[in-house]
Amino acid sequence: RLKGNWGTGFKAPSLYQLYSSYGSPSLKPDESKSYDFGFEQRFFKDKLSFDLTRFHNDFRNMVDWDSATSKYKNIGRAETKGFEIGAKFLPVENFTIGTNFTYTDTQDKETGLELQRRPKRQANFDVNWRFMAKANFNLGVTHVGSRKDTGYTTSKGYTKLNLAYLYDIADNFQFFTRIENLFDKKYQEVRGFAAEGRSFYAGARANF
């Protein structure tokens, strides 16, 4: 199966970017044009699938952090492009193994430098098991590569593991629990700001 998309985008600055002590009320909305194309191939009666996608995004007035002034600013022109490759395997009914890898190249067209806080390499691994008809277990592993941060600094890459369990108590009532960052990995999505350690969540969801 061949696939492709083309579109335009519009994003207004957030209130924080406009009016915080790091913001600027004169920020303009950023605009984008993007396209992607690729293909998907299935094998062995749909038990194995493979897909590849090439993407390209052009931005005008992108809102980004300016380390020289410690404020948000508009970048005249910017570009992100790359590819994503993925695969899924269904060895038995109700059991799925999936993985994907994304490579992204970025550039501030005014300075020729990489955009901040955007990893070149990111990968995911996912196992989903639907058992007992009403129960679902999910294991997810995410790896984010190193990325340029403010100034000439670089944020290190990290890998974290998440677990989730869901149970359908009734047709319209579901119980869920999950553990994020199971091994309590110390990492920073933004340099200087530590991300959460191991976290536990539980709750219920109802549909009417």
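Modeller: Two strands count as a pair if DSSP finds at least two bridges between them. This is a predicted model, and with that rule in hand we can go through its strands.

Colleague: What makes E1 and E2 a pair?

Modeller: Ten bridges join E1 to E2. The rule asks for at least two, so E1 and E2 count as paired. The two strands run antiparallel. Within this pairing, asparagine 5 stands opposite aspartate 36 in E2.

Colleague: What makes E5 and E6 a pair?

Modeller: Strand E5, residues 95-108, is joined to strand E6, residues 121-131, by nine bridges. At least two are needed, so this is a pair as well, and its sense is antiparallel. Phenylalanine 95 has tryptophan 129 of E6 as its bridge partner.

Colleague: How many bridges lie between E6 and E7?

Modeller: There are ten, again in the antiparallel sense, with E7 covering residues 135-144. One bridge partner in E7 is asparagine 138, which faces asparagine 128. Three residues lie between the two strands of this hairpin, and methionine 132 there takes a positive phi near 55°.

Colleague: Why are E1 and E12 said to stand at the edges of the sheet?

Modeller: The sheet is open, with ten strands in the order E1-E2-E3-E4-E5-E6-E7-E10-E11-E12 and antiparallel pairing. E1 and E12 (199-206) each have a single partner strand, so one side of each has no neighbour in the sheet. On average, neighbouring strands of this sheet are turned by 15° against each other, direction ignored.

Colleague: What does the whole chain contain besides these ten strands?

Modeller: The chain has one helix and twelve strands in total. Along the sequence the pattern is β-α-β-β-β-β-β-β-β-β-β-β-β. The C-alpha trace spans about 55 × 40 × 35 Å along its principal axes.

Colleague: What share of the residues is called buried, and by which cut-off?

Modeller: A residue is called buried when its relative accessible area is under 20%. By that cut-off, buried residues make up 30% of the 208 in the chain.

Colleague: What share of the contacts with a separation of 6 or more joins residues 24 or more positions apart?

Modeller: That share is 48%, where a contact means heavy atoms within 4.5 Å.

Colleague: What volume does the largest pocket have, and which residues are closest to its centre?

Modeller: Its volume is about 290 Å³. Of the 16 residues that line this pocket, Asp66, Ser67, Leu113, Gln116 and Lys148 are the closest to its centre. E3 (48-66) and E4 (71-92) each supply at least two residues of the lining, and E3 gives the most, with three. By class, the lining has six nonpolar, four polar and six charged residues.

Colleague: What makes Thr8 a lining residue of the second largest pocket?

Modeller: A lining residue has an atom within 4 Å of a point of the pocket. Thr8 is listed in the lining of the second largest pocket, so Thr8 meets that limit. The others are Gly9, Glu31, Ser32, Lys33, Asp58, Phe59, Arg60, Arg77 and Ala78. E1 (2-11), E2 (30-43), E3 and E4 each supply at least two of the residues in this lining. The pocket holds about 180 Å³ of space.

Colleague: Into which classes does this second lining fall, and why does Gly9 count as polar?

Modeller: There are two nonpolar, three polar and five charged residues. Gly is placed among the polar residues by the scheme used, so Gly9 counts as polar.

Notes
Residues are numbered from 1 along each chain as its sequence is written. This is a predicted model: local features need pLDDT of at least 70, side-chain atom pairs count only at pLDDT 80 or more; totals for chains, interfaces and linings use all residues. Side-chain values use heavy atoms; hydrogens and water are left out. On a 1 Å grid over the protein atoms alone, a cavity is a set of points where a 1.4 Å probe fits but cannot get out, and a pocket is an open set with protein on both sides within 12 Å along at least five of seven lines; lining residues have an atom within 4 Å of a point. Grid points are joined across faces, edges and corners, and a volume is the space filled by probe spheres set on the points. Helices (H or I, at least four residues) and strands (E, at least two) are DSSP runs, numbered from the N terminus. Axes are lines fitted to C-alpha atoms, for helices over the stretch in contact, and angles run from 0 to 180 degrees between N-to-C directions. Buried means under 20% relative accessible area, exposed over 50%, partly exposed in between (1.4 Å probe, protein chains only).
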